[in-house]
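Got the viewer open? Load the model, pick a colour scheme you like, and let's walk through it stop by stop.

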Amino acid sequence: MPFPNPNTFHPIKLRDGTAHRGTVFLKAAIDHPRIEVGDYTYMSSHQPLEEPGDIVQRLAPYLWDFAPEKLIIGKFCQIAHGVQFITSSANHRMDGLSTFPFLVFGGGWDDRASKPEPGANTRVGHDVWLGTGAMILPGVTIGDGAIVAAGAVVAKDVAPYSVVGGNPAKEIRRRLSLKDAERMQALAWWDWPIDHIVAHEVEICGTNLVALEASAPK
Ligand SMILES: CC(C)(COP(=O)(O)OP(=O)(O)OC[C@H]1O[C@@H](n2cnc3c(N)ncnc32)[C@H](O)[C@@H]1OP(=O)(O)O)[C@@H](O)C(=O)NCCC(=O)NCCS
């Protein structure tokens, strides 16, 4: 069976030929002015994912289409059920005497004393696995190849090829040494042509970095 096109809404075909309606390639499933997502990044849910607005609401419930910040997700990321990005617009103003967001009540959103300064973008690298129910807090950057454990609350940046878990999420272990992580990022297999990637699944999912480097397109 050919590898699905990244513009496929429901890319997983079950053995009986029907689509798994709880998994979407995000690039195909949503069109949101504040979200950038790379090819083959998927999101899964225990319930069917059908409506783009509902998918965005589950993934990034505070990312209004007029929010100043962006959510930027790389290629080949794996987003499990219940993962939520709490983006910067979710933050109330914190430098005043009250955090109450008067601006969202009664209209007139601009030029209000309770309006916070724009916050940072949230970034996820390539080939990142976000486990069930992980919560990613505003402005965090998660490096390529990282794993975020189920139920983690990620409040700080996550190093490439590290595994983090808990609340607040802390490093559980590294997947690769710093040097090997740099070699993987230099190799950037996620940017290879898809046919080449699929033909080298053994090397990409194996443990021999020299063999993977030798597999790079010439
Ligand atoms: C993180 C995970 C991948 C396991 O990684 P691992 O390197 O094999 O970790 P281990 O099971 O050996 O545990 C290592 C340590 O991390 C801790 N840990 C593991 N998972 C954790 C979690 N979700 N939250 C907090 N701590 C966790 C363990 O308790 C252990 O702690 P210790 O060293 O103090 O004993 C796994 O626990 C997980 O969260 N998987 C997500 C699965 C999922 O959500 N799948 C959705 C379908 S895609």
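This tour goes from the ligand to the backbone oddities and ends at a surface patch.

Before clicking anything, keep in mind that this is a predicted model.

**Stop one: the ligand.** Select the ligand and bring up its neighbours: A80, W129, G131, T132, A149, A150, G166, I172 and R173 surround it. Colour that shell by class and you get five nonpolar, three polar and one charged residues.

Now turn on distances. Which atom of the ligand pairs with the side chain of R173? It's an oxygen, 2.4 Å from a polar side-chain atom of R173. Move to T132 and show its backbone: a polar atom there is 2.7 Å from an oxygen atom of the ligand. Then try A150, where a backbone N or O atom lies 2.9 Å from a ligand nitrogen. Switch on a surface while you're here: of the 910 Å² of accessible area the ligand has on its own, the protein covers 41%.

**Stop two: a cis peptide.** Select N167 and P168. The peptide bond joining them is cis, with omega at about -5°. To place P168, look in the loop between strand 13 (162-165) and strand 14 (170-174). It's worth a pause because most peptide bonds are trans.

**Stop three: two positive phi values.** Go next to Y161, in the loop between strand 12 (153-154) and strand 13. Its phi is near 55°, positive although the residue isn't glycine. Buried or exposed, this Y161? Buried: its relative accessibility is 2%, and the cut-off for that label is under 20%.

Then jump to A188, which sits in the loop between helix 3 (178-187) and helix 4 (194-199). Here phi is near 45°, again a positive value in a non-glycine residue. A188 counts as buried too, at 12% relative accessibility. Why stop for these? Because most residues other than glycine have a negative phi.

**Stop four: the nonpolar patch.** Finish on the outside. Select Y62, W64, F66, F100, F102, V104, F105 and W109 and show them as a surface: they form a nonpolar patch with about 840 Å² of accessible area together. Zoom in on F66, one of the patch residues. You'll find F66 in the loop between helix 2 (52-59) and strand 4 (71-73). F66 counts as exposed because its relative accessible area is 55%, and the label needs over 50%.

Note on methods:
Residues numbered from 1 in each chain as written. Predicted model: local features only at pLDDT ≥ 70, side-chain atom pairs only at ≥ 80, totals over all residues. Heavy atoms only, no water. Patch = residues over 30% accessible without salt bridge, like charges linked within 9 Å, V, L, I, M, F, W, Y side chains within 5 Å. Areas by Shrake-Rupley, 256 points an atom, 1.4 Å probe, with all protein chains shown as cover. Salt bridge = Lys/Arg side-chain N within 4 Å of Asp/Glu carboxyl O. Helix = DSSP H or I, 4+ residues; strand = E, 2+ residues; numbered from the N terminus. Buried < 20%, exposed > 50% of the residue type's maximum accessible area, 1.4 Å probe, protein only. Near = heavy atom within 4 Å. Polar contact = N/O pair within 3.5 Å; in protein donor to acceptor, adjacent residues only side chain to side chain. Nonpolar A, V, L, I, M, F, W, Y, C, P; charged D, E, K, R; others polar.
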